[in-house]
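Work through the exercises below with the sequence and coordinates at hand. Each task is followed by a stepwise solution.

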Amino acid sequence: MTIDFTPSAAQRELQAGAREIASRVLTGVPSTIAGLQHPHERFAATRPFFLELTRAGLLAGFIPREYGGGGLSVLDLGIAGEELTAVDINVPTSLIGTGLGLQAIIQFGSDAQKRRFLPDFVESGTDKLASFAFTEVTGGANFDCADPDAGVRTFAERDGDAWVINGEKHWTPNGSGWDNQGAHVYTLVCRIGRGRPASESLAVIVVPRSAGGIEVVGHINAMGHRAVDLPRIRFNNVRVPLDNLLGQPGDGIRICSSVFAWTGALVGAECTGAMRRAFDIAWQFAKTDKRSGSVPVIEHPTVGYQLADIKMRIEACRYLMWKACHYLDSTNGASEEMAIMSKVFCTETAVQTIYDTMRLVGMDSYALDMTPLAALMQDALAFPLFDGGNMGVRRRQLHQMLKTPGYDPMAAAEGRPQPA
Ligand SMILES: Cc1cc2nc3c(=O)[nH]c(=O)nc-3n(C[C@H](O)[C@H](O)[C@H](O)COP(=O)(O)OP(=O)(O)OC[C@H]3O[C@@H](n4cnc5c(N)ncnc54)[C@H](O)[C@@H]3O)c2cc1C
């Protein structure tokens, strides 16, 4: 076994490029969205920032080379993602949201489907958005429920050579588009066939906004991720060709699980970035501020020990995230265990860690206009809840694995996929 945590020359270059664009461009996000009251107004104001990221090839990077993209590995994306999210969570979330919207096509689409839908996203400076429309207005956790009358309530019915789709989703990043008329394309989680369990009916269908019938019915005003588009979208008799279906009816459970493994690993990168920012703020404060005392507060052992604890947790999360990304790459996405662990562990560690930086800085950290920590905390509180909530989805997935006959407790550590 070779264990080498040294990024390659190409990864160092990618990391430096992402760090440079984050500090040159994304530092402008807070002042751009400050004072904008409506969530869609805040999101729309970030379009120039999104364009800068796509000009830098960061959206094309998600797409395999054979379809004109940059073909970055999951580990490459994790390394770049940490750099971006150490400065801003909003624009990188719109970017990763587009990557997630395309993942179902990348991982499960036929060659013809990939050639139809992916090239729009590889152009430098494109503003095209994709959206993974998964969460039902009645909840997302039980999307795979065996009860035919429970779970996903968005339905696609066959009508001649088309699927006709009806349903309502919310918390759908990028779903309203820059112009509030919809994302360029959705990968929509729905049921085909009423009265059948999810294992036979759950499906993912590609829905371009040009299909018509897509209605933006509201925008969620979230406490954090303030410039991420989180609309409520109604699909009204939306007609798309039959061959927009990815795989077969019933493949939806596998598709959701697989694309959420991809994001699970990358959410670990977001959390590492956010914690790193919080650490930098607390560390600078501790080195320079005496708080009316006679020495900088870092001289107090309680403060220094707390900083040491925070730093250790950030390092642990970074390498867990790298391992999860590498494991997805090396098993070609076949093993999701480490990605789920990265999602759960890094998200909950991020909330605790950012709270600890607030304890260290004290009262002033609670003011939205005195340090960025309060806003970081607002962003971090979404981490355990989104992307398949840690309670309703992620721990349940791990629990299921642990119960499966043949579960191999050393598979992840030794780089093998879990037995099928
Ligand atoms: C920034 C951001 C980005 C997002 N990105 C997307 C996206 O790309 N696409 C998308 O569709 N959504 C997205 N969402 C929405 C989010 O991912 C989902 O709403 C969320 O994962 C749903 O999980 P939930 O566990 O809260 O579901 P719910 O179904 O609302 O469950 C709520 C709670 O009920 C309990 N519960 C329910 N069922 C069970 C069970 N079977 N076992 C144990 N406990 C249970 C748990 O305590 C759970 O926390 C995003 C949200 C945000 C804020």
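Three exercises follow, on a helix, a domain contact and a ligand shell.

The model is predicted: local features need pLDDT of at least 70, side-chain atom pairs count only at pLDDT 80 or more, and totals for chains, interfaces and linings use all residues. Residues are numbered from 1 along each chain as its sequence is written.

**Exercise 1.** Compare the expected span of helix H10 with the distance between its end C-alpha atoms.

Step 1. Helices (H or I, at least four residues) and strands (E, at least two) are DSSP runs, numbered from the N terminus. H10 covers residues 301-330, which is 30 residues.
Step 2. The expected span is 1.5 Å times one less than the number of residues, and for H10 this comes to 44 Å.
Step 3. The end C-alpha atoms of H10 are 43 Å apart, which agrees.
Step 4. Just after H10, Asn332 has a positive phi of about 50 degrees.

**Exercise 2.** Describe the contact of domain 2 with domain 3.

Step 1. The bounds, from an automatic or database domain assignment, are 130-250 for domain 2 and 253-403 for domain 3.
Step 2. Over C-alpha atoms, their centres are 30 Å apart.
Step 3. With contact meaning C-beta atoms, placed from the backbone, within 7 Å, domain 2 gives 15 residues and domain 3 gives 11 residues.
Step 4. On the domain 2 side, helix H8 (198-201) and strand E5 (202-208) each give two or more residues.

**Exercise 3.** Which residues come nearest to the ligand, and which element supplies the largest share of the shell?

Step 1. The shell (C-beta atom, placed from the backbone, within 6 Å) has 28 residues, of which Phe134, Gly139, Gly140, Gly389 and Gly392 come nearest.
Step 2. Helix H6 (90-108), strand E1 (130-133) and helix H13 (390-403) each supply at least two residues; the largest share, 4 residues, is from H13.

Note on methods:
Two residues are in contact if their C-beta atoms, placed from the backbone, lie within 7 Å.
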